[in-house]
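These are my notebook entries on one protein chain. I record what I looked up, in the order in which I looked it up.

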Amino acid sequence: KAIALSVTYGTTAPKLAPLINKTMEEAQEIIESYFRSFPSVKKMMTRFHEEAKRAGETESLYGRPRRMPKAKSIPELFPGARHDQLDYDYRNLLNLAVNHPIQSSGASIVNRASIAACSKFKQLARLDSRWNDVKLVINLHDELIIEGPETLKDDMIRELKYAMEHTTELPGVTMIAEPKAAYNLGDLK
């Protein structure tokens, strides 16, 4: 996971090496191997980099922009430079150009699932008053934490799983949610 996230968000071998306890040469080979194994990730990153350099912004799947006008100056300031050859501030801009569409889209997907789940809980409360006690407690990155009566545990799990897996559909992507039940947040990790 650390490698996939680091590489996707633009880490360089000098930054990755100490994280994974490897030499810079080994880290560079891991980065290159990752891109050989997942060429669509490299293609996506390049698309977001080019979009930022051309338009000075990137967008999430749902049209939410991340403006970075300074990125438009990269081609002029660093003609022909590879990503890892850019000054840190400019490399970081392009890393943000990749991060935003992924993170913002993910947040929108989870927000839509939370709205759908809460709507379903209200609908079920009209038939069974115990559902009035089911509450969305927190949205934590890609997780939704709910609480409610023990007697509804299996039903709550089923409804939340359905909302997370079926509220948003992405072509070619199967959404998978793996609900867990616990008495406190510490037991969920």
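Entry 1: Phe121 and its contacts

Leaving aside its neighbours within four places in sequence, with which residues is Phe121 in contact? I note before answering that the model is a predicted one. I looked up the contacts of Phe121 and found Trp131, Val134, Ile146 and Glu159, its neighbours within four places in sequence being left aside. I then located Phe121 itself, and its place is in helix α6, which runs over residues 88-125.

Is Phe121 buried or exposed? Its relative accessibility is 3%. Buried means under 20%, so Phe121 counts as buried. I also looked up one distance: Phe121 and Tyr62 are 59 residues apart along the chain, and 26 Å separates their C-alpha atoms.

Entry 2: Helix α2

I turned next to helix α2, residues 13-20, and asked which of its residues are buried. I found Ala13, Leu16, Ala17 and Ile20 to be buried. These residues cover an arc of only 110° around the axis, so they lie on the same side of α2. On the other side of α2, I found Lys15, Pro18 and Leu19 exposed.

What covers the buried residues of α2? I noted that the cover includes α1 (2-8) and α3 (24-37). Just after α2 comes Asn21, for which I recorded a positive phi of about 55°.

Entry 3: The chain as a whole

I then listed the secondary structure of the protein chain, which comes to seven helices and four strands. From the N terminus on, I wrote the order of the elements as α-α-α-α-β-β-α-α-β-β-α. The radius of gyration is 21 Å, well over the 16 Å that the globule rule gives for 189 residues, so the protein chain is more spread out than a compact globule. Along its principal axes, the C-alpha trace spans about 65 × 40 × 30 Å.

How much of the protein chain is made up of buried residues? I noted 37% of the 189 residues. Of the contacts with a separation of 6 or more, 44% are between residues 24 or more positions apart.

Entry 4: Surface and charge

I looked up the exposed area of the protein chain, which is about 12300 Å², and carbon and sulfur atoms supply 53% of it. For the charges, I recorded 27 positive and 25 negative side chains. The centres of these two sets lie 4 Å apart.

Definitions and conventions. Residues numbered from 1 in each chain as written. Predicted model: local features only at pLDDT ≥ 70, side-chain atom pairs only at ≥ 80, totals over all residues. Heavy atoms only, no water. Helix = DSSP H or I, 4+ residues; strand = E, 2+ residues; numbered from the N terminus. Rg over C-alpha atoms; globule rule 2.2 N^0.38 Å. Buried < 20%, exposed > 50% of the residue type's maximum accessible area, 1.4 Å probe, protein only. Contact = heavy atoms within 4.5 Å. Areas by Shrake-Rupley, 256 points an atom, 1.4 Å probe, with all protein chains shown as cover. Lys, Arg positive; Asp, Glu negative; His and termini not counted. Charge placed at Lys NZ, Arg CZ, Asp CG, Glu CD. Arc of directions from axis to C-beta.
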